[in-house]
Amino acid sequence: MDWMKWLFSTWTMIRLSGLTGHFFLTLSVLAGLLGSFPALKKQKARLHNIHLYSGWAGLLAIILHATLIVVDTYAPLTILEIIIPGNASYEPLWNAFGTISLYLFGFVLVTSDFLKEMLGKTLWKLTHWLVLPA
């Protein structure tokens with residue numbers, strides 16, 4: 001029963017949610033890139049769905065990750081420490097990278113799903129490239 005206690009500990013869940021978010025966001029980027037290859041034209045619709053749903057699943061996993069960091073007792077961070085890059089009391093550089101990454105991915109998801117027509121194709125494509133540094 002000790003493994004169950006370990007598996008559902010805050011420490012483990014923080015890491016699992018972070019890795020899950022990273023996995024889904026990487027899958028989303030790969031599916032988006034593969035969807036642009038002419039050789040995979042027949043799979044374009046399937047790749048587009050994977051691209052969309054894995055992006056949102058990744059964002060939700062990262063939000064869970066950040067929420068668990070707030071309730072963690074080992075190195076708890078406040079909400080302000082999480083949302084302001086470089087403001088964290090524990091590992092400020094790595095937390096800043098995570099926060100900036102979350103903002104970039106969130107921006108791309110919101111502009112793609114809700115503002116695509118308003119931005120136009122050229123500006124939308126430019127904003128979409130922000131996933132690479134994220």
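Leu130 touches Leu104, Phe107 and Val108, leaving aside residues up to four places away in sequence; contact here means heavy atoms within 4.5 Å. The model is a predicted one, in which local features need pLDDT of at least 70, side-chain atom pairs count only at pLDDT 80 or more, and totals for chains, interfaces and linings use all residues. Residues are numbered from 1 along each chain as its sequence is written, and side-chain values use heavy atoms, with hydrogens and water left out.

Leu130 sits in the segment after helix H7 (121-128); helices are DSSP runs of H or I with at least four residues, numbered from the N terminus. Its C-alpha atom is 6.3 Å from that of Leu104, although the two residues are 26 apart along the chain. With 27% relative accessibility, Leu130 counts as partly exposed, on a scale where buried means under 20% relative accessible area, exposed over 50%, and partly exposed in between (1.4 Å probe, protein chains only).

Now for the helices. H3 (44-71) has 28 residues, which at 1.5 Å a residue should span 40 Å, and its end C-alpha atoms are 41 Å apart, in agreement. H2 (10-34) has 25 residues and an expected span of 36 Å, and its end C-alpha atoms are indeed 36 Å apart. The expected span is 1.5 Å times one less than the number of residues. Buried residues of H3 include Leu47, His51, Gly58 and Ile69, and what covers the buried residues of this helix includes H2, H4, helix H5 (92-114) and H7. In H2, the buried residues include Thr12, Gly18, Gly21 and Leu25.

On the surface, Val70, Val71, Ile79, Leu80, Ile83, Ile84 and Tyr103 make a nonpolar patch of about 620 Å². H3 and H4 (79-83) are the elements that give two or more residues to this patch, and H4 gives the most, with 3 residues. Patch members have over 30% relative accessible area and no salt bridge, with like charges joined within 9 Å and nonpolar side chains (Val, Leu, Ile, Met, Phe, Trp, Tyr) within 5 Å; a salt bridge is a side-chain nitrogen of Lys or Arg within 4 Å of a carboxyl oxygen of Asp or Glu. Areas come from the Shrake-Rupley method with a 1.4 Å probe, and for residues only the protein chains shown count as cover. Leu80, found in H4, counts as exposed at 51% relative accessibility.

A search of the whole structure turns up 2 aromatic pairs. In one of them, the rings of Trp94 and Phe97 have centres 5.6 Å apart and planes at 65°, so the pair is edge-to-face. Rings of Phe, Tyr and Trp (its six-membered ring) pair if their centres lie within 6.5 Å, and planes under 30 degrees apart count as stacked, over 60 as edge-to-face and the rest as tilted. Both residues lie in H5, 3 residues apart, about one turn of the helix.
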